[in-house]
Structure formats: C-alpha cells, structure tokens
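Here's a quick briefing to read alongside the coordinates. Have a look at the fold first, then work through the points below.

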Amino acid sequence: MSKPVLALILAAVALAGAATAQTQARQTVSNQPIFFGADDGGVTPGGFALRGRAEVIQGENRLRANSIEIAQNGGTTTGATASGDVYYVTPNESIRGDRAVYSVSAATVTVTGDVILTQGRNVLTGGRLVYNIDTGEAQMAGAPRGGGAGNRIQGVFYPTQD
C-alpha cells in the first residue's frame, strides 16, 4: 500500500473516530446567531465587508482573518468568505489556511491554501479541507500537483491509551 493511501486511511479513521465521539456532545451551530467585528467595514452590493482583525462568531465557533466578506440575500446572511491568515476555531478543533468560504445552508467551512487541522495533539495538513460545523466531519485533500510541498495530505495521530 502506498504511503499517501495509508496516510489517507489513517486520517479518515482518526477523524471519523474523533467526529463520532464529539458528534454526541456537539450542538447544532449553523442555526445560532452570527456576531461579527472588525477594525473597519462597509456595505457592499452583496452584503458587507470587514477589514482588519475581522471576526465572525457563531455559537462557540470563531472565524478570524485579515478580511471577511459577508454575503446576504434579502437581509439573510448566506455565507462568508475570509482571506489572509484565516483561522477557524471550535471547542475541539483549530483550522488554519489562506482562504475560507463558509456556507450557511450547507453548514460547511471550506478552507484552502496551506491548511492545518489540529484536534488536541493530532495534526493533519493538506491543500483543501471541507469541515461540517454541525457534525465535525472533515475531509482533507492535497493541493494540485506542481504546488511543491503540501501537495498531499500528511498527519500525525496519537492513539489514546486505555
């Protein structure tokens, strides 16, 4: 079995196990109010933009970046796009990347760039991560070929001791 396939299987098993254990403790986040803050901001044709230490908080989850654009449709928030030093932090995980797109209807955050997912001491890196904010399920993919280092997923997992 090749190393990338083995790494993918180990990552899936570790994340699935962690997600299963945490799903029961999670509460639905996607239907909670969305709070925001930044150094500066303004109204845009499709919503509004936050610039400088931009932050969006929903439940116990927090999205931070250099800038975040909030998309609205008819006064309803439909999503957010964050760029520049992006961090998405939950009580159980920390995700870092270059860009993130949050979809309210899908309850997902898609993080791209040099992505790092941390759960406790476990670490998974790759080029693209889709994270379900309600279930904690995460799917990591490598970056496209030719991207140099980081074009495949890698991880370090620490088994629990009984």
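A residue is called buried when its relative accessible area is under 20%, and exposed when that area is over 50%. By that cut-off, 33% of the 162 residues of the protein count as buried. Keep in mind that this is a predicted model, with an average pLDDT of 83 across the protein.

**Confidence**
- A pLDDT of at least 70 is reached by 80% of the residues.
- Residues 1-26 are the stretch to treat separately: the pLDDT there is below 50. Even so, the model gives this stretch 30 contacts beyond near neighbours in sequence.

**Overall make-up**
- You're looking at 1 helix and 10 strands.
- Reading from the N terminus, the order is α-β-β-β-β-β-β-β-β-β-β, so the helix leads and the strands follow.
- If you take the contacts with a separation of 6 or more, 36% of them link residues 24 or more positions apart.
- The accessible surface adds up to about 9,200 Å². Carbon and sulfur atoms own 54% of that surface.

**Strands 4, 5 and 6**
- Strand 4 covers residues 61-73 and strand 5 covers residues 76-89; the two run antiparallel and are joined by 10 bridges.
- One pairing to click on here is Q72, whose bridge partner in strand 5 is T77.
- The hairpin formed by strand 4 and strand 5 leaves 2 residues between them. In that turn, G74 has a positive phi of about 65°.
- On to the next pair: strand 5 is also antiparallel to strand 6 (residues 94-103), with 9 bridges joining them.
- G79 finds its bridge partner in strand 6 at S103.
- The hairpin that joins strand 5 to strand 6 goes through 4 residues.
- Strand 5 therefore pairs with both strand 4 and strand 6, since at least two bridges are enough for a pair.

**P144 and its loop**
- Where does P144 sit? Its place is in the loop between strand 9 (138-141) and strand 10 (154-156).
- Is P144 buried or exposed? P144 is exposed, because its relative accessible area is 65% and the cut-off for exposed is over 50%.
- For a distance to check in your viewer, try P144 and R128: they are 16 residues apart in sequence, and their C-alpha atoms are 9.6 Å apart in space.

Note on methods:
Residues are numbered from 1 along each chain as its sequence is written. This is a predicted model: local features need pLDDT of at least 70, side-chain atom pairs count only at pLDDT 80 or more; totals for chains, interfaces and linings use all residues. Side-chain values use heavy atoms; hydrogens and water are left out. pLDDT is the predictor's confidence in each residue, from 0 to 100. Contact means heavy atoms within 4.5 Å. Buried means under 20% relative accessible area, exposed over 50%, partly exposed in between (1.4 Å probe, protein chains only). Accessible areas come from the Shrake-Rupley method with a 1.4 Å probe; for residues, only the protein chains shown count as cover.
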